[in-house]
Amino acid sequence: MLAAIPKTPHFGWKTRNSVPGRHKAARCSKWMMMTGYLLRAVFSAVLLAPLAAGPAQAYLKTDVSPSGSYLAGRSAAKLKDNDVASRYLNQVLKWDEGNPLLTEKIFLLELSEGNLTKAEGYATEVLKFNSQQRMARIVLGLREFRARRYEEARKNFAEAAYTPVGELTSALLIAWSYAGEGELNPAMKALDRLDSNESFGTFKAFHAALIADYLGNSIRAEASYRKAYEEAGMSLRVAQAYGNFLWRNGRPAEAQKVYRAFLANDENPLILAALEASLKNGKPQAFISSPGAGAAEALFSLATSMTDEQSIDVALLYTRLALGLDADKPVLFTLLGDTYEDMRRFDKAIEAYSEVPEGSALRSNADMEIAVSLQRLDRKDEALDGLKQLVAREPDNYEAIVTLGNIYRSNEDHAAAAKAYDDAIALITEHVPGHWRVYYYDGIAHERLKQWDIAEQRFRRALELSPDEPSVLNYLGYSMIEKRINLAEATDMVRRAVELKPNDGYIIDSLGWAYYQLGDFEQAVIHIERAVELLPADPIIAEHLGDAYWRVGRKLEARFQWQHARDNKPEPEDLKRIEDKIKNGMPEETPVTPAQNAPAPSNG
């Protein structure tokens, strides 16, 4: 069903595949060293309280009693308003000095806000009652690392290696501490500890390459770069670093080949900037210029792999720690903004993106992401103004124009959205598979404008570019089902979408609705019941189930489902139709069969 279509897709440099609304935003795989190589269980040993999404609004602000402050702090923490939570809990700690659990919680909150000096102080206190607190060991180890007291740093890192993620963090940071001392072999030996877990192979290869490169061993560096590139060539950082190495070593044509291979799938501004610079001859600076930059890259590698709700709090901590080192600040502030977006702290995301400096290749992306966050905060005029200014400055910025179209579509200004998407399509000179999205979004806009001929062309073009996109198969198939045209083809499309996303309630509903339109009401019931199990609060799916029940003679159950649909706040035009069914039932109706349909149009 069409309700599954997200309203505000990200189409910035991250090229996210899902968006807020019906589906939770997914963090971009291009950040990641390797897709899916760390399971949720890896992070289960990290003791962070579960935090609910959304800005802090409901917690107490006036009660200054110990119990009131404690409850207010907990409420703020659940809403991920960590700075407010820390202030309240610090008040409680004054009344209950030395409380271990409170001290540890405040330590993590201060770290999450980037208050490293305070966090280091609390880390020292935490270790007095919990000598194995992993994050405290990492924080104090990094303090020693920055002071170039590498041996002391290693002692702390070693104490943190008692969980899988701790083992990985420890090995990478210990290896970089040896690099700080100019010791290649001990660094490589530290990385050998990662052999115990094959999921860590790409980490090992990549950081072995970076360390050997930093220490001037080009032969060993190239071998490791090649291995990392073979395993994760579509990782942004692997492509950047390998291309940088080739370019610095007098092989710009090979570097350009790496860059172009990446750009064939993702028009990332950092890779675009590297390609353009390499074509101008010159010589780049080293990708890693100091041990601190290497340690920051290790933390960045880890943070970008933490993509689920259980680990995102740890990703925030690692990003904050990386920012305290000699790091690639524009990239890290962009990651910080991404992380806050996924935590639904859009105010904090705006602050982070605003730190990306003018002149950075990521500045335009930051402006786009700020606009998206403003839109989510319902500051629609500011969002549109910012994007319009960006497009005026950069009229050929395809990503910015598509993002502008997304904001218009989110505001249900489908005419303006279609105009923006059409403008973006006009800029395409050479199609890549990722361009399916703009055709899909444009198809949605034209379909909402009741311009079906254009919409269908756009959807079919999207499928030419990426034939197995469930969202496109579902939207086009469902639209055809609703219009009762080409039902056999439409049903095949939706059936394929279900195969690709077997637990998507909206798509399963589409398949059930296809069977309904074909008159196979028993099959319709089976599929739509499954859709209701997956999405019990969706009014349209409940209405569909009521319709299917009515057709198979289960009329009491049908009215119950329609009442359920009514109670789940459908759109006004849907509510009127649902209430009429509750009152009057449904008239008899002859279903349309595939034989009654015109042949499917060609993919023009």
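# An all-helix predicted model

The secondary structure of this protein comes to 30 helices and zero strands, and the model shown above is a predicted one. Of its 604 residues, 58% count as buried, while the accessible surface comes to about 25600 Å², half of which, 50%, belongs to carbon and sulfur atoms. When contacts between residues at least 6 apart in sequence are considered, 59% of them join residues that are at least 24 apart.

**Helix α23 and its neighbours**

- Helix α23, which runs over residues 452-465, has 14 residues and reaches 20 Å from its first C-alpha to its last, close to the 20 Å expected at 1.5 Å a residue.
- The buried residues of α23 include the nonpolar side chains of Trp-452, Phe-459, Leu-463 and Leu-465, together with Ala-455 and Ala-462, and the charged residues Glu-456 and Arg-460 are buried as well.
- These buried residues of α23 pack against three helices, namely α22 (436-448), α24 (470-483) and α25 (487-500).

**The packing of α5 with α15**

- Two packed helices are described by the angle between their axes and the distance between the axes.
- Helix α5 packs with helix α15 (residues 312-323) at an angle of about 10°, and their axes lie 11 Å apart.
- Because angles under 35 degrees count as roughly parallel, α5 is described as roughly parallel to α15.
- On the α5 side the contact is made by Arg-134, Met-135, Ile-138, Val-139 and Leu-142, which meet Val-314, Leu-317, Tyr-318 and Leu-321 in α15.
- The residues of this contact between α5 and α15 divide into eight nonpolar, no polar and one charged, and the charged one is Arg-134.

**Positive phi angles in two loops**

- Arg-148 lies in the loop between α5 (134-146) and α6 (150-159), and this residue has a positive phi of about 65° although it is not a glycine.
- Arg-148 has a relative accessibility of 66% and therefore counts as exposed, since the cut-off for exposed is over 50%.
- Lys-569 is found in another loop, the one between α29 (555-567) and α30 (572-584), and its phi is near 60°, again a positive value in a residue other than glycine.
- Lys-569 is likewise exposed, with a relative accessible area of 75%.

Technical notes: Residues numbered from 1 in each chain as written. Predicted model: local features only at pLDDT ≥ 70, side-chain atom pairs only at ≥ 80, totals over all residues. Heavy atoms only, no water. Helix = DSSP H or I, 4+ residues; strand = E, 2+ residues; numbered from the N terminus. Expected span 1.5 Å × (residues − 1). Buried < 20%, exposed > 50% of the residue type's maximum accessible area, 1.4 Å probe, protein only. Contact = heavy atoms within 4.5 Å. Axes fitted to C-alpha atoms, helices over the stretch in contact; angles between N-to-C directions. Parallel < 35°, antiparallel > 145°, perpendicular 65-115°, else oblique. Areas by Shrake-Rupley, 256 points an atom, 1.4 Å probe, with all protein chains shown as cover.
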